[in-house]
Amino acid sequence: MKKLWLIMLTLILFFVVSNHAQGKTTWTRVTSIDQIESGKIYMLAAYSTSGDKSNGDMNYINYFKPYVESGYLYNEAINISATKIPSTIVTDSTKQYLSIILTQETNGWTVYNTTTHKYNGYSTGNIIDESDLYSATNYWTVNFNDNKFVEIENKRSPGLILGYKIDKDTKQLRVYSKTGTTAPILYKLTSYDLDESQDFKESDNIYQIPVTLRRSFTNDTYNSLVLPCEVNDYKAVFGSATTAYELSGYSNDNINFTTVIGNYLSANKPYIIAGTFNASPYKIGNVELNKISKPLSVSSDSKCSYIGNFSKTDLSGKDYYILCNNKFYPCGSQPAPFNILPYHCYFSLSESVKAKIAINGTETTDIECIQYDQKNNNDKYDMNGTKIEDITSYHGVYICNRHKYIR
């Protein structure tokens with residue numbers, strides 16, 4: 001029974017959301033035109049000269065760090081002295097922040113809204129599709145004033161700049177006169193964490209930035225992996241003693257994987273990776289995030305699909321299989337919840353298949369069902385799989401009825 005619980009424990013730790021720190025998105029303030037890079041992602045914060053001026057300070061009191069939640073637009077406001085504008089800010093990875101991509105064209109700069117996936121026009125509600133962008137006169141100049149505030153001025157209507165006035169219905173930035181009271185502050189997205197405790201959203205598809213992965217791997221067993229970005233040298237990232245494998249076909253009840261040639265891993269492609277891993281987090285480098293809606297890797301005769309996953313997903317009761325401890329476990333027979341985390345993968349097999357994974361022609365796995373002890377489903381176990389006799393004197397994380405708790 002203890003061995004059985006150890007298997008269960010490994011699966012729980014592998015698939016239940018872990019308690020480590022949240023991922024971070026870091027933005028760095030831009031104060032001059034030479035610091036702007038065409039094609040990068042930016043966020044406009046706001047400084048207001050109205051409102052609370054206690055102690056002679058003019059404070060951030062409104063419209064700082066815009067974010068979208070449940071389809072609505074919100075303002076994350078804070079109070080900071082005007083002389084202490086932060087050079088960097090870290091945003092909550094669970095929120096979608098309203099940001100733009102600035103691209104320098106022949107006729108000026110274009111402003112692309114990463115939330116609406118439209119270009120920003122010069123008037124409220126003026127949302128421009130790419131096909132209409134070049135026939136319209138919706139170009140901008142970008143300058144900084146003496147106080148290092150940004151002025152993204154419309155070329156069609158000089159004197160109007162993009163500022164922190166937001167149309168809540170269209171989720172577009174609005175223009176206002178340079179003589180207004182709100183001074184825009186420009187921040188550039190300078191780093192982004194992929195974290196297996198957080199879903200990867202379509203809105204996170206962004207251009208070249210430094211990307212870090214926070215994820216758990218188990219040494220000396222086969223781990224699944226899928227990422228919304230390329231990895232140019234996976235051995236340098238994950239460990240020199242790791243090896244990645246890709247699906248090559250299905251034959252004779254074997255799901256065949258072969259060693260990846262070279263050290264390059266493609267975006268949105270599910271892999272198996274094994275060996276001795278470096279410690280998390282993993283610095284992937286300066287890459288483009290580009291998730292597709294349903295990444296699949298399917299064998300030639302379609303009896304097997306290897307499916308990459310970008311959000312926490314309950315696979316209980318479904319005709320899927322997961323790979324853990326070098327064995328297949330059927331998800332259909334598991335009680336809910338049976339969660340797979342972001343950046344992990346699962347298999348879809350036809351009903352007639354009794355498959356094994358074959359790595360470079362050598363069979364390595366078999367299907368194994370998990371049996372749960374229903375008589376003692378209130379027993380508690382520590383992280384080593386040892387039963388806790390007296391929970392009142394225990395401190396730390398423990399397992400009970402397939403869930404993690406902490407005392």
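**Exercise 1. Classify the burial of Tyr-282 and follow its ring contact.**

Tyr-282 has a relative accessibility of 3% and therefore counts as buried, where buried means under 20% relative accessible area, exposed over 50% and partly exposed in between, with a 1.4 Å probe and protein chains only. The model is a predicted one, in which local features need pLDDT of at least 70 and side-chain atom pairs count only at pLDDT 80 or more, while totals for chains, interfaces and linings use all residues. Residues are numbered from 1 along each chain as its sequence is written, and side-chain values use heavy atoms, with hydrogens and water left out.

Next, consider the aromatic pairs, of which the whole structure contains 11; rings of Phe, Tyr and Trp (its six-membered ring) pair if their centres lie within 6.5 Å, and planes under 30 degrees apart count as stacked, over 60 as edge-to-face and the rest as tilted. The ring centres of Phe-217 and Tyr-282 are 5.6 Å apart with the planes at 75°, so this pair is edge-to-face. It links distant parts of the chain, since Phe-217 lies in the loop between strand S16 (209–214) and strand S17 (223–225), whereas Tyr-282 is in strand S21 (residues 282–287), 65 residues apart; strands (E, at least two residues) are DSSP runs numbered from the N terminus. Phe-217 is also buried, at a relative accessible area of 14%.

**Exercise 2. Describe the surroundings of Phe-217.**

Ring pairs join Phe-217, Phe-238, Phe-277 and Tyr-282 into a cluster. Arg-215 lies over the face of Phe-217, at 4.0 Å from the ring centre, the criterion being that NZ of Lys or CZ of Arg is within 6 Å of the ring centre and within 35 degrees of the ring normal.

**Exercise 3. Characterise the contact between Phe-257 and Phe-347.**

Phe-257 is buried, with a relative accessible area of 0%, and Phe-347 is buried as well, with 1%. Their ring centres are 6.2 Å apart and their planes stand at 80°, so the pair is edge-to-face. Because Phe-257 lies in strand S19 (residues 254–259) and Phe-347 in strand S28 (residues 345–349), the pair ties together parts that are 90 residues apart in sequence.

**Exercise 4. Work out how strands S25 and S26 are arranged.**

Strand S25 (residues 321–324) runs antiparallel to strand S26 (residues 327–330), and 4 bridges join them, where pairing requires at least two DSSP bridges between two strands. Leu-323 stands opposite Phe-328 in S26. The two strands, S25 and S26, form a hairpin with 2 residues between them, and Asn-325 in the turn has a positive phi of about 55°.
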